[in-house]
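Please open the structure in your viewer and keep the selection tool at hand. The tour moves from the whole chain to single side chains, with a short stop at each selection.

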Amino acid sequence: MAEALRGVPQPLATVAMRARWHSAQDVLAVMRSAVQPQRAAVTPPSFLQPHQRDAWRRVVAALDGWGGTLLAEPVGRGKTWIALAVAMRERRPVMAIVPAILQRQWEDAARRAGVPVSCWSHERLSHGRLPPGAPDLVIVDEAHRFRDPASRRVRTLAPWLSGRRTLLLTATPIINRLRDLITLLRLALPEDALVLDGIARLGDLEGMEQPPAGLARLVIRSTATAFATVQHRSRVLPADDAEEARGQRAIAAIDTLELSRASAVRQLLRSVLLDAAASSDAAFRAALERYRALLLQCKDAGAASRSLLRRFGGEALDQLVMWDVVAPDRSASDLVVGDLVPLAEILAASRDPDHWTERVTAACADGRPTVCFARHRATAQLLRKACGEGTAWVAGGEAGIGSHRLVRAQVLSAFGPARDIWRARVTVPGVLVATDVAAEGLDLQAAGRIIHVDLPWTAARVDQREGRLLRLGQMHEQVDVLARGVPHAIERALRQVGRIARKRTLADVWLGALARSEPSCMVNAAHTMIAAVADGGSVADLVLLEVSRDGRTGTRWLMRHGNAGWTEGEPGADAVIRRVEAGGTAVRIRGIAATLQSARLVVLRSLATPEPAPFPTLIRRIQLLARRASRGRDAAALLRLDRLLCFAVAPPTLGDHLRLEALAGLSDAAVLSAEVRDRPRAGPVAVRVVAAVSVTAMCRYVPACPPSRRSSLTSTVPL
């Protein structure tokens, strides 16, 4: 009988199939529901407002399923209260990592919510000091400050977060590039967090133009309609003729300086000086004085080190420089000490009056509480004097009103919800002049106007500034947003406005896609989840599969034309969906349809091949040590090495990666005694067909289809 058996070209086609017809609208509704992020079926605390409850449920579901998430609600939506509502569910105290300026605000909010929370500052992490205790949940506020994996605060925090559930809070996760968002996700999640959605590594996000649908499970941003935004009106105070002339004189002065023989260093120094000139003449002269001090130090030391250049450029411009190009060996950079002569002449020349202060003070003369933001201290001090003795000010760790120094929190409260307390005093400050130290997290809802005295380098910083006023509890019906114009000559040389616009576009595309309530836009954009094979055939089949493992769920799109095999990873499903929405036909598969078993196998095969481990040399050392321990019958060593091997081969978080990086440089004895956290082995994968769409030839999926219906199906519009 064996000789009489014949092979079947497609064995799965012989299996019985069960399918049920549904309208196109019903199937598309099922598809849209499947790609929606999960929401926990729990009751939110009473102190959450209606627009915060959906985000809270999504955060709870993400923490339960993935152990980490990023809450990217826009500025002013109450991320602190959502995080406190999450902390309320914890049995043990929660650790909040916050900027030092926001620590008291967090402690007050936690006390009002009745949630035990301990706070630790970003600044302490920058000094290498870790938080005490072993909390199960860690909340990191203003998480965009941890976007640089090479910074000390990140290298201190990331290993400590390993194995802990982590909630990141930031309205601006994308500052300059997509790598910022990826670094933040790696703080809380392993590299394969989106593998069930067809994305092998989080780093693959960098090559995408728009976010995949699965990212909405990990990065939570509510729809724009979920919150009644504060009305605001924006306008620009253009530079007048005097400002334009001052800008041209500043550029002419900079052109007399050689700065450096290295083009990268020369561009850095020129950008610093142009940026200061755009702010004010006072800031420009302060920058020239700093450049003079840098040259004198360079003259005494024989060269300017990389650290000196970084200090001169400052944190604001640090993101613009590829330091490996400017000073790859961290050694001397070639400055021109001969610039001391023309520099002395520039500083000796008469000062340019800053007439722009008159227009700013005139804009504040109506008594409306106003916050003026300036990046340069010299500019802030100049404006403070121009606004009069009763002007409030905050700069770094100092604050006051006029010449009187006060506690910073007391000064800021005059422009926050507690402004009514100040009304009992004889005078209430009407203008607050602040550097960007007050641009994050603070509540300044009593102010009705914000003025950008000078522009920051990123759109995220602009949003952070405006978010101090455009937030919950704003006391004015409308907020005025004014921006002081940059002289055209300086803007042409610096291109600051254009750079801000480019960075805003990138952030708006990704965060806007994540915030949309209509998942079809995600289907359009998620090219790693959509499959197509463009062979010119008239038959197009689209299948949505649900992939689950270890309590996590993802979705995968597969597509084929004609009799070709299932394919994924290319755009195309959006075209099928548009055809169906225009009047095509669809079927929802209940159970596992036989002809779709091959689609399941495509997904299972893709998950069966894991990504290579990041430290293969370390893994070989562990295996060699295990052989030695086996020959010596050292059971305790074998147990430790087995745990270490599981840790080394599993997809790492950023903290795990840093831990493995450190282990790779240790001796065999140190590796053998290393203690690492347990990494559970991955469980089995389950793949379920959610829905299927066929255009023009769906009748071949249903052999029992009535002839009358079969004829109507084959007349549908082809792909």
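Begin with the whole protein chain selected: among its contacts with a separation of 6 or more, 76% are made by residues 24 or more positions apart, a contact being heavy atoms within 4.5 Å. Please keep in mind that this is a predicted model, in which local features need pLDDT of at least 70 and side-chain atom pairs count only at pLDDT 80 or more, whereas totals for chains, interfaces and linings use all residues. Residues are numbered from 1 along each chain as its sequence is written, and side-chain values use heavy atoms, with hydrogens and water left out.

Switch to a cartoon view, and the protein chain shows 28 helices and 19 strands; these are DSSP runs numbered from the N terminus, with helices being H or I of at least four residues and strands being E of at least two. Of the 719 residues in the protein chain, 53% count as buried, where buried means under 20% relative accessible area, exposed means over 50%, and partly exposed lies in between (1.4 Å probe, protein chains only). A surface view of the protein chain corresponds to about 32000 Å² exposed, with carbon and sulfur atoms supplying 52% of that area; accessible areas come from the Shrake-Rupley method with a 1.4 Å probe, and for residues only the protein chains shown count as cover.

Next, select helix α26, residues 654-664, whose buried residues are L654, G655, D656, L658, L660 and L663. Which elements cover them? The cover over the buried residues of α26 includes α6, α7 (178-188), α24 (616-631), α25 (635-649) and α27 (668-672).

Now turn to the backbone and select E142, which has a positive phi of about 50 degrees although it is not a glycine. E142 sits in the loop between β5 (137-140) and α6 (152-161), and its relative accessibility of 7% makes it count as buried. A second stop of this kind is L259, a residue other than glycine with a positive phi near 70 degrees. L259 belongs to the loop between α8 (241-255) and α9 (263-279), and at 2% relative accessibility L259 counts as buried.

The remaining stops concern charged side chains. The structure holds 28 salt bridges, each defined as a side-chain nitrogen of Lys or Arg within 4 Å of a carboxyl oxygen of Asp or Glu.

Select D136 together with R92, whose side chains meet in a salt bridge at 3.2 Å, N to O. Because D136 lies in the loop between α5 (122-126) and β5, and R92 in the loop between α3 (79-87) and β3 (94-98), the pair ties together parts that are 44 residues apart in sequence. D136 counts as partly exposed at 35% relative accessibility, and R92 is partly exposed as well, with a relative accessible area of 42%.

Move on to E191 and R186, a salt bridge in which the closest N and O atoms are 2.9 Å apart. Here E191 is buried, with a relative accessible area of 13%, while R186 is partly exposed at 23%.

Finish with E243 and R246, whose salt bridge has its closest N and O atoms 3.0 Å apart. Both lie in helix α8, three residues apart, which is about one turn of the helix, and E243 and R246 are both buried. Add R484 to the selection, and you have E243, R246 and R484 linked in a network of salt bridges.
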